[in-house]
Amino acid sequence: MNTRSVAAQGRGQARRAANSTAMEVGARAGFGARGVIYVLVGALALQIALSGGGKQADRGGVVAEIAEKPFGKIVLWLLGIALVGMALWRLSEALFGSAGPDGGKASKRAMAAGRFVFYSFVAYSVLSFAAGDSGSGGGSSDQQSQDVTAKVLGWPGGQWIVGIGGVAIACAGIWIAVRAIMRKYHKHLKMAEMSQKVRRAVDFTGVFGGSARGAVFATAGGFAVAAAVKHNPDQSKGMDDTLRSFTETPVGPWLLVVIALGLVAFGIFSWFNARYRKV
């Protein structure tokens, strides 16, 4: 057997693994885990809006909250393993393309690769916390954001790098919101299998949740731009401080109430993805 045939056989086995039932189960479990995280972040943000205090409303706050509950470490292990499934599914999309007629586009595969890196990091942080590293998954997103910003600002051209990164995050947030409003998620879901009632629920949570999520990203990007312009890493904010900033608007905490409910809606939308996503 020559080298070319061995390589072809290896690619065939990898593609079959990417299309396997195990990979589908991993992807659906990952959407379920993402839903849990967003529902709990939204709930923590709602506490902040209504009480003015509360725990940090980000992934670290969610991980710490779960860990305090009975069987919390077991739940964290399950969430982390599910997120590994999501990461591997995104990797398979990057390597072989995603479902749909345009799934093989280079841009789609590049986005899948980026999501693979992101979910790999999230899975690692959750599993590290579950294994006893309390400084990993439970860390503050605000402090992490400021630390990274301070380090990059110290590089040659650091202000430009932070500024461009902030603009990219803000544009990503707008892109997320616009796609949600336009219901672009329809092409990724098995809409024909849904009842009329379920379809209405999917559209409500998809549009409302996606818009709220996009608003959070866009606002965080704006703070990163401010940090670059003022050369001040303290201007950069993670998810927790970004959410708290919504209470400083003229409408007070009520904007954060809407955003928090939107994040809960996005979590529920993720659960719909766990059931109806084309994988």
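Here are some short exercises on the predicted model above, each with a worked solution.

Residues are numbered from 1 along each chain as its sequence is written. In this predicted model, local features need pLDDT of at least 70 and side-chain atom pairs count only at pLDDT 80 or more, while totals for chains, interfaces and linings use all residues, and side-chain values use heavy atoms, with hydrogens and water left out.

**Exercise 1. Take stock of the chain: how many helices and strands does the protein chain have?**

Start with the DSSP runs, numbered from the N terminus (helices are H or I, at least four residues; strands are E, at least two). The protein chain shows 10 helices and zero strands. Next, look at burial, where buried means under 20% relative accessible area (1.4 Å probe, protein chains only): 42% of the 279 residues qualify. Finally, turn to contacts, meaning heavy atoms within 4.5 Å. Among those between residues at least 6 apart in sequence, 75% join residues at least 24 apart.

**Exercise 2. Work out how α4 and α5 are oriented: at what angle do their axes cross?**

Axes here are lines fitted to C-alpha atoms over the stretch in contact, and angles run from 0 to 180 degrees between N-to-C directions. Helix α4 spans residues 72-96 and helix α5 residues 106-130; their axes come within 8 Å and cross at roughly 160°. The pair is therefore roughly antiparallel, a label for angles over 145 degrees. Now sort the contact residues by class: 22 are nonpolar, two polar and five charged. For these classes, Ala, Val, Leu, Ile, Met, Phe, Trp, Tyr, Cys and Pro count as nonpolar, Asp, Glu, Lys and Arg as charged, and the others, Gly among them, as polar.

**Exercise 3. Do the same for α2 and α3: which residues meet?**

Begin with the geometry: helix α2 (residues 21-51) and helix α3 (residues 59-67) pack at about 95°, with axes 9 Å apart. That makes α2 roughly perpendicular to α3, the term for 65 to 115 degrees. Then list the partners: I37, L40, V41 and L44 from α2 meet R59, G61, V62, E65 and I66 from α3. By class, this contact has six nonpolar, one polar and two charged residues.

**Exercise 4. Place G206 in its surroundings: is G206 buried or exposed?**

First find G206 in helix α8, residues 196-230. Its relative accessibility is 2%, so G206 counts as buried. Now look past its neighbours within four places in sequence: G206 is in contact with A180, Y185 and F269. To finish, compare two separations for G206 and A180: 26 residues in sequence, and 6.2 Å in space, C-alpha to C-alpha.

How values were computed
Angles under 35 degrees count as roughly parallel, over 145 as roughly antiparallel, 65 to 115 as roughly perpendicular and the rest as oblique. Buried means under 20% relative accessible area, exposed over 50%, partly exposed in between (1.4 Å probe, protein chains only).
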